[in-house]
Structure formats: C-alpha cells, structure tokens
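Work through the following exercises with the sequence and the coordinates open beside you. Each task is followed by a solution that proceeds step by step.

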Amino acid sequence: MTGSAALFTDRYELTMVDAALRDGTAHRESLFEAFARRLPDGRRYGIVAGTGRLLELIERFRFEDAELEFLREQRVVHDETLDWLADYRFRGEVWGYREGEAYFPGSPLVTIQAPFAEAVMLETLVLSVLNYDSSVASAAARMVSVALGRPIAEMGSRRTNEASAVAAARAAYIAGFDATSNLEAGRTWGIPTMGTAAHAFTLLHDSEEDAFRAQVDAMGPGTTLLIDTYDIHTGVETAVRVAGTGLGAVRIDSGDLPTVVAAVREQLDGLGAVNTRITVTSDLDEFTLAALSGSPVDAYGVGTSVVTGSGFPAAGMVYKLVARRGDDDEWVSVAKASTKKTSIGGRKNAARRIDSTRTAREELVFVGDGPDGEDEFAADDQLRPLMVRLMHEGRADAAYTGHAGVEAARAHRAEVMQELPIEAFRLGRGEPVIPTTYR
C-alpha cells in the first residue's frame with residue numbers, strides 16, 4: 001500500500017470516468033449529495049461523523065505510479081484516461097453538516113460540486129467513511145445519553161479490523177465517549193487512552209494476590225484491578241488488602257451486573273474503600289447501560305456494540321447526482337425515480353427550526369440556490385443554518401481536520417444534544433424525532 005487514497009474506490013467509478021471522458025460529458029459541472037433516505041430501525045436521530053477523516057482522504061486522493069501501474073495491468077481504463085488520472089486533483093467545493101451534528105432522513109450531509117469526473121470518483125470513499133463513522137457515532141451517542149454523565153471508554157478494537165478500530169474510537173469520542181483503549185487512535189487523533197490489565201495478567205501469576213501486587217507496584221494504588229478472574233468477593237478483599245483503601249478502581253467483566261455491582265459496592269464500603277470506583281465492562285450496549293442506571297457504577301467500557309453500530313454497522317447513506325449544468329450553463333435538477341430509492345434533485349441548503357425553548361422542531365431543506373446561494377433563512381432568528389463550507393478549490397478547511405477538528409466536533413455534538421426534544425433519547429422504537437420539510 002502507498003499513502004494514496006485513490007484506490008479506496010469501486011471499479012465502476014473509474015469506468016464511468018473513462019466513458020465520460022470519451023463522450024465529452026466528464027467536464028460537466030455536477031453536484032453530488034450524500035444523504036440517508038431513512039434512519040436505522042428504531043433510531044430517532046443520527047450523528048454525523050467521519051467528516052474530518054474524509055476531507056483528509058480527499059486531499060490524498062492521488063493516482064501515483066503504483067496506482068496507475070495497477071490500473072494499466074488490470075486494463076481498467078484506456079490509456080488516455082490513465083493520462084488524465086495521473087494529473088487528477090480534486091479542485092472542487094465541498095459543503096456539509098458540521099461533524100458532530102444531528103441528522104435526519106433527507107439531510108444533505110455532504111454536497112460536492114466539481115466536474116463530473118472529479119466528483120463521481122469520490123462516491124465510494126465518501127460513503128465508506130460516513131456510513132461507518134456515523135453509524136458508530138449514532139450508537140455511541142445513545143449510550144452516552146443513558147450513561148447519565150458517567151465516563152465511558154471505547155474498547156472495541158479486537159471486534160473490528162485494525163483501520164476501523166481507529167475510526168471507531170474517533171467517532172465514539174466525538175459522540176461523547178471519554179477515552180479509548182486504542183493507542184493508534186490516541187496518536188492519530190489526540191484521543192485520551194486508557195487500560196491496565198486483562199485476565200491473562202492474573203492467570204500468568206501463581207496467585208491473584210501476586211498479580212495485584214505486581215500491578216500496584218508498577219502502576220501505583222490508583223490503578224484499576226480486575227477482580228473477576230476467580231471469585232469476585234475474594235478478589236475485592238484481596239485488591240483492598242494489596243492496594244489499601246486508596247485503591248483507584250475495580251473492574252467487573254462478568255456476572256449478573258446489577259446484583260454483582262451492588263454487592264461489590266457494599267463490600268468496598270465495608271472495607272473502608274469508599275472512594276474506590278467501580279468500572280463495568282462485559283458486552284455492554286445502550287440497553288444494558290440503561291438497566292444499570294440505578295446501580296452504583298462509576299464508569300463503563302464498551303466494545304463490540306459500539307464498533308458495530310449497536311446492530312447497524314452502516315448508516316444507510318447514499319451518494320447521488322442531484323444537479324448538473326446544461327448546455328446553457330444553467331443548473332438542471334436530476335433525480336433517481338426507482339421504487340423506494342427515490343431522491344430529490346436540486347441544489348440545497350438546510351436549517352433547523354429552533355423554538356423559544358431552544359428545542360429543535362423541524363429540519364428544513366431549501367431546494368434552489370444551494371449552499372453557496374442566497375441565505376434564505378437569515379432573517380428568521382428561529383432557524384439555525386446547518387451547512388458550512390468544508391473544502392474550497394480542493395483544500396480542506398483546517399478547522400474541521402486533525403486533532404482540532406475532532407475536539408470541535410465533540411463540542412458541537414454536545415451542544416446539539418441540548419437542542420433535541422426529550423423524545424430523542426428514548427430507546428424504544430420510534431420515528432425520527434423531528435420531521436424533514438422540503439421548500
């Protein structure tokens with residue numbers, strides 16, 4: 001592999017470019033839009049994530065010698081198209097919802113304007129990033145809302161592939177998780193990392209006490225000791241005896257959690273370790289977190305459920321051509337009309353109606369001038385604009401990339417959650433919490 005992102009795409013993107021270059025339509029100015037026709041079953045809102053990653057990947061979308069040689073060997077496109085690809089740089093415009101924003105069916109999450117050949121090749125990249133990251137963030141946000149302010153760590157790296165693990169940690173952090181077990185996510189995106197020991201460390205030693213002493217000697221009494229390798233009651237007693245009443249935390253990874261947590265809290269308090277925290281892991285999702293809301297849990301660690309979108313590993317987004325310039329240089333609205341797969345053509349802008357209680361009540365999508373046109377809602381102080389310019393002439397706005405972009409997205413999501421109606425946070429099945437209206 002090279003540093004290029006150009007082959008993170010499907011073959012038909014290039015064969016479309018090849019045919020369009022040959023018939024002269026490749027250079028028609030076009031507008032593509034990424035959106036979700038619907039939310040996953042039962043979800044009342046989604047969270048946009050992956051935008052900053054996407055912008056950086058678009059800037060790396062280059063066909064270097066290795067990529068061109070592969071395409072030549074595979075005879076994917078004609079030689080003339082290879083020459084065009086050798087000079088490819090995305091030089092278009094990108095608008096979209098800010099990362100961390102809530103979204104609903106029909107929300108124009110990312111809009112890409114460029115000549116057809118420049119923009120169509122980004123389809124697979126756009127969807128692979130936004131579908132996965134937004135799915136993780138949407139699931140993570142639900143978990144954060146039912147954790148009631150208790151810290152949550154992402155620890156699902158072993159339940160997905162190595163690249164997705166880093167992306168998942170980033171998306172979960174944007175959605176409100178506090179840390180990750182993944183060191184690469186910490187290095188790449190500046191996310192706080194956490195972790196102490198697994199059951200293997202206890203099993204390595206001749207006794208649980210030996211293992212605890214070794215960990216405390218290395219990490220200090222403020223560490224977190226895993227107490228359920230053998231008997232939990234004995235593990236708690238041993239942990240406090242070894243580390244003292246200043247023990248930082250114990251971790252529980254098995255058992256009937258509400259019952260076990262209550263017993264451990266009572267035992268810790270009885271031993272004088274009243275400030276020792278209890279961290280719970282063990283196949284948690286938003287429903288088990290909600291069930292533990294009344295238990296004396298201090299922190300959670302979530303793995304499989306968050307990196308798989310809690311049952312919905314893809315957000316269901318699509319990338320469609322919605323407008324192109326005609327021979328008269330005017331914009332022509334285009335739309336797919338297939339059954340159950342319709343799209344709404346036209347250049348769009350979007351805003352959210354916020355009532356006097358600062359609660360979101362409606363998603364408004366304006367079809368017409370597009371994100372670079374007249375501001376249709378500037379005079380209405382109840383409308384919050386949703387679309388921002390993410391790239392100009394192929395260069396990403398640095399405010400949305402890197403460590404700073406992650407922190408900005410995390411802060412924006414926290415603000416957006418304050419606007420959503422209370423119904424948004426119910427875990428039972430329901431429709432999107434606010435409707436989308438086209439104008």
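A residue counts as buried when its relative accessible area is under 20%, and as exposed when that area is over 50%. The model used throughout is a predicted one.

**Exercise 1.** Locate Glu33 and decide whether Glu33 is buried or exposed.

*Solution.* Begin with the secondary structure, where Glu33 is found in strand β1, which covers residues 29-36. Next take the relative accessibility of Glu33, which is 4%, and because this value is under the 20% cut-off, Glu33 counts as buried. Then look at the surroundings: leaving aside neighbours within four places in sequence, Glu33 is in contact with a set of residues including Pro108, Val110, Tyr319 and Lys348. Finally, examine the side chains, since those of Glu33 and Lys348 are joined by a polar contact of 2.9 Å.

**Exercise 2.** Carry out the same kind of analysis for Thr229, asking where Thr229 is placed and which residues Thr229 is in contact with.

*Solution.* Thr229 has its place in the loop between β8 and α11, the latter being residues 232-243. The relative accessible area of Thr229 is 18%, and therefore Thr229 is also classed as buried under the 20% limit. Apart from neighbours within four places in sequence, the contacts of Thr229 are with His199, Thr202, Leu203 and Glu208.

**Exercise 3.** Determine in what order the strands of the six-stranded open sheet are arranged, and which strands lie at its edges.

*Solution.* Reading across the sheet, the order is β7-β6-β11-β10-β9-β8, with parallel pairing. The edge strands are β7 (179-180) and β8 (224-226), each of which pairs on one side only. To follow one pairing in detail, take β6, residues 152-154, which pairs with β7 in the parallel sense over two bridges; here Ala153 has Ala179 of β7 as its bridge partner.

**Exercise 4.** Describe how helix α12 is placed against the sheet and how α11 and α12 cross.

*Solution.* Helix α12, residues 257-270, lies across β9 (249-252) and β10 (277-280), and runs at about 160 degrees to β10. Turning to the helix pair, the axes of α11 and α12 come within 10 Å and cross at roughly 35 degrees, and this crossing is right-handed. The contact is made on the α11 side by Ile232, His233, Val236, Glu237 and Val240, and on the α12 side by Val260, Val264, Gln267 and Leu268.

Methods
Residues are numbered from 1 along each chain as its sequence is written. This is a predicted model: local features need pLDDT of at least 70, side-chain atom pairs count only at pLDDT 80 or more; totals for chains, interfaces and linings use all residues. Side-chain values use heavy atoms; hydrogens and water are left out. Two strands pair if DSSP finds at least two bridges between them. Helices (H or I, at least four residues) and strands (E, at least two) are DSSP runs, numbered from the N terminus. Contact means heavy atoms within 4.5 Å. Axes are lines fitted to C-alpha atoms, for helices over the stretch in contact, and angles run from 0 to 180 degrees between N-to-C directions. Buried means under 20% relative accessible area, exposed over 50%, partly exposed in between (1.4 Å probe, protein chains only). A polar contact is a pair of N or O atoms within 3.5 Å; within protein, one must be able to donate a hydrogen and the other to accept it, and residues adjacent in sequence count only if both atoms are side-chain atoms. A crossing is left-handed if the near helix is turned anticlockwise from the far one by less than a right angle, and right-handed if clockwise.
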